[in-house]
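Colleague: I am new to this structure and would love a close look at a single part of it. Could you pick one helix and walk me through its surroundings?

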Amino acid sequence: MFQNFGLKPAVRGGAVLGAGARRRRREFLDFVIDDRPLLSLFDGEDVVSALATDLPPRALSGEVDRLLLRGPSSLPDGRQVLYCCPECGDLGCGAITAMIIQQDDCIIWRDFRWQDSQDQELESYPDVGPFRFSADEYRNALEHAATQNW
């Protein structure tokens, strides 16, 4: 049985935090599984998806290719970054990652973790996933995202 996969525009609001510090506004595409934003399952983590809509088209296409398993993972253990720091996108700040695998006509997201660029697992999310998607629906949603002017 497959879950439905889609993408939905989302916003991380900006703010003035005091003493000249600011929180950057970011627009991104959130992953939606069975009509529920995936980000809602991560207890208010302050992150944005790797599909930030202010990325240059080539960078956004690269992120789509990575999620479609057409490009290498940005992590040495083969995990894929789903959400990252909204200020800089740097893995050193930490990221929500998952294993993404394809089995025949199925894409599986499993083993969700918070980790950093040092391969340190800081937290796992045992109650999130695994999710199984139709490979065609998954590919169509991501390829559509790469061709839009956000």
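Modeller: Happily; here is a tour of helix 2 and what lies around it. This is a predicted model, in which local features need pLDDT of at least 70 and side-chain atom pairs count only at pLDDT 80 or more, while totals for chains, interfaces and linings use all residues. Residues are numbered from 1 along each chain as its sequence is written, and side-chain values use heavy atoms, leaving out hydrogens and water.

Let us begin with the sheet beside the helix. Three strands form an open sheet in the order 1-4-5, with antiparallel pairing. Strand 1 (5-12) and strand 5 (36-37) are at its edges with a single partner strand each, so one side of each has no neighbour in the sheet. Helices (H or I, at least four residues) and strands (E, at least two) are DSSP runs, numbered from the N terminus, and two strands pair if DSSP finds at least two bridges between them. Strand 1 and strand 4 (residues 26-33) run antiparallel and are joined by eight bridges; Val11, for instance, stands opposite Glu27 in strand 4. Helix 2 (residues 135-147) packs on this sheet and touches strand 1 and strand 4, where contact means heavy atoms within 4.5 Å. The direction of helix 2 makes about 40 degrees with that of strand 1; axes are lines fitted to C-alpha atoms, for helices over the stretch in contact, and angles run from 0 to 180 degrees between N-to-C directions.

Now to the helix itself. Ala135, Tyr138, Ala141, Leu142 and Ala145 of helix 2 are buried, meaning under 20% relative accessible area (1.4 Å probe, protein chains only). They cover an arc of only 140 degrees around the axis, so they lie on the same side of helix 2; the arc is that of the directions from the helix axis to the C-beta atoms. Among the elements covering these buried residues are strand 1, strand 4, helix 1 (57-67) and strand 9 (106-115).

One of those residues leads us to an aromatic partner. The ring centres of Trp109 and Tyr138 are 6.0 Å apart with planes at 90 degrees, so the pair is edge-to-face; rings of Phe, Tyr and Trp (its six-membered ring) pair if their centres lie within 6.5 Å, and planes over 60 degrees apart count as edge-to-face. With Trp109 in strand 9 and Tyr138 in helix 2, the pair links distant parts of the chain, 29 residues apart. Trp109 counts as buried because its relative accessibility is 0%, and Tyr138, at 1%, counts as buried too.

Key
Buried means under 20% relative accessible area, exposed over 50%, partly exposed in between (1.4 Å probe, protein chains only). Rings of Phe, Tyr and Trp (its six-membered ring) pair if their centres lie within 6.5 Å; planes under 30 degrees apart count as stacked, over 60 as edge-to-face and the rest as tilted.
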